[in-house]
Amino acid sequence: MPIIEKEELASNLINGRYIHYTDCYSFQRLYPFCNENVSGYLDFLDLDGKSLLTVGSSADQTICAVTRGCRDITVLDICPFTEEYFYLKKSGILTLPKEDFERVLFYDDYPRTFKQNKDPFALEKYPRLLQQLKKESESSHNFWLSLTKSYSGEMIRKNLFTNDEENPKVTRYLTDYLKSESAYYETRKKLKDIRPTFMIENITHRIPVERKFDNIVLSNLTTYLSHEQIAELLKNLIPHLEEGGRIILGYMYRTNEFSIYCKEWDDIYNIERIKSIDPNIELKTFRGVKGVLHDMDSMKDAVYVYQKKK
Ligand SMILES: C[S@@+](CC[C@H](N)C(=O)[O-])C[C@H]1O[C@@H](n2cnc3c(N)ncnc32)[C@H](O)[C@@H]1O
């Protein structure tokens, strides 16, 4: 999609005009940060020196994988602004102290609970960030600069992004790179020469790659698919997976191995039925987003991990 069309679409979204670019309206907007425990489920993958195909317009799946030593990354997402947001976050991490990075991008419950950031997205206050962004990707630099010249940071943050944002304490826990100062600076070193391949695509229509990957991350996109679509997607992805490689096939909030399916829930929550698609699908649990919020290990989220046997 040419950058000029992206700028036009972004302006329409920021102005609140109803525009239907993708065939999945709700995913046109960017996620400011991941709202699932990425750090929790990446533990089930072997990323160091390995390759990854991932969705994730927040760029957090990508950046957390980099923190874990992954360098060969392809980002496929239906959201058209994913690449521009990755380069903005990358330039922020490379040039800003962690505190300033958070000051630019956190919004809800920032700086304190029940408050909202009064001055989000104030990119012009950070010339080093803008310089770096220009070096990283001139088109991304021009995209963000043209938006910040025309709209307030608050309008951009409210209308170009979803309002699915966990509070700062939770977000820091969910993302490897914001967990601590040292993790942030470690990620800075690893991120320097990372240039993922980006594709704007609906993964249920087409998987536009010829190659194979060691890891594939679908975040919670399968929540929005029927059982049959999930089975079909897995079948189409398996040829793109190396032997021994793994797929995070689905993410479930508030779920563990004992959860009993209720028929009004999305198909992905029907654990026995999803596992019946393939004997190589396992359910794995870890501290859930609500568990992080309430500091309770017993509140779990879960993912399905498919492993292609050697
Ligand atoms: C389902 S969303 C939810 C956000 C997620 N919980 C997180 O923490 O990042 C995950 C990502 O999948 C993308 N997505 C959703 N459906 C898709 C599809 N059919 N093809 C490609 N990307 C898709 C969204 O744009 C978003 O970036």
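In this predicted model, helix H1 (residues 3–14) packs against helix H7 (residues 138–150) at an angle of about 30 degrees. Their axes lie 10 Å apart. Angles under 35 degrees count as roughly parallel, and H1 and H7 are therefore roughly parallel to each other. Their crossing is right-handed. On the H1 side, the contact is made by Ile 3, Lys 6, Glu 7, Ala 10, Ser 11 and Ile 14. H7 contributes Ser 139, Asn 142, Phe 143, Ser 146 and Leu 147. Sorted by class, the contact of H1 with H7 has five nonpolar, four polar and two charged residues.

A second helix pair is formed by H4 (residues 82–95) and H6 (residues 127–136). These helices pack at an angle of about 130 degrees, and their axes are 9 Å apart. That angle makes H4 oblique to H6. H4 passes H6 in a right-handed crossing. From H4, the contact involves Tyr 87, Leu 88, Lys 90, Ser 91, Gly 92, Leu 94 and Thr 95. From H6, it involves Arg 128, Leu 129, Gln 132, Leu 133 and Glu 136. The contact of H4 with H6 has five nonpolar, four polar and three charged residues.

The ligand has 19 residues around it. Of these, Asn 35, Glu 36, Ser 57, Asp 77 and Asn 202 come nearest. Polar contacts involve both side-chain and backbone atoms of the protein. A polar side-chain atom of Gln 61 lies 3.0 Å from an oxygen atom of the ligand. A polar backbone atom of Ile 78 is 3.2 Å from a ligand nitrogen atom. For Ile 203, a backbone N or O atom lies 2.9 Å from a nitrogen atom of the ligand.

Conventions:
Residues are numbered from 1 along each chain as its sequence is written. This is a predicted model: local features need pLDDT of at least 70, side-chain atom pairs count only at pLDDT 80 or more; totals for chains, interfaces and linings use all residues. Side-chain values use heavy atoms; hydrogens and water are left out. Axes are lines fitted to C-alpha atoms, for helices over the stretch in contact, and angles run from 0 to 180 degrees between N-to-C directions. Helices (H or I, at least four residues) and strands (E, at least two) are DSSP runs, numbered from the N terminus. Angles under 35 degrees count as roughly parallel, over 145 as roughly antiparallel, 65 to 115 as roughly perpendicular and the rest as oblique. A crossing is left-handed if the near helix is turned anticlockwise from the far one by less than a right angle, and right-handed if clockwise. Contact means heavy atoms within 4.5 Å. Ala, Val, Leu, Ile, Met, Phe, Trp, Tyr, Cys and Pro count as nonpolar, Asp, Glu, Lys and Arg as charged, and the others, Gly among them, as polar. A residue is near a molecule or strand if one of its heavy atoms lies within 4 Å of it. A polar contact is a pair of N or O atoms within 3.5 Å; within protein, one must be able to donate a hydrogen and the other to accept it, and residues adjacent in sequence count only if both atoms are side-chain atoms.
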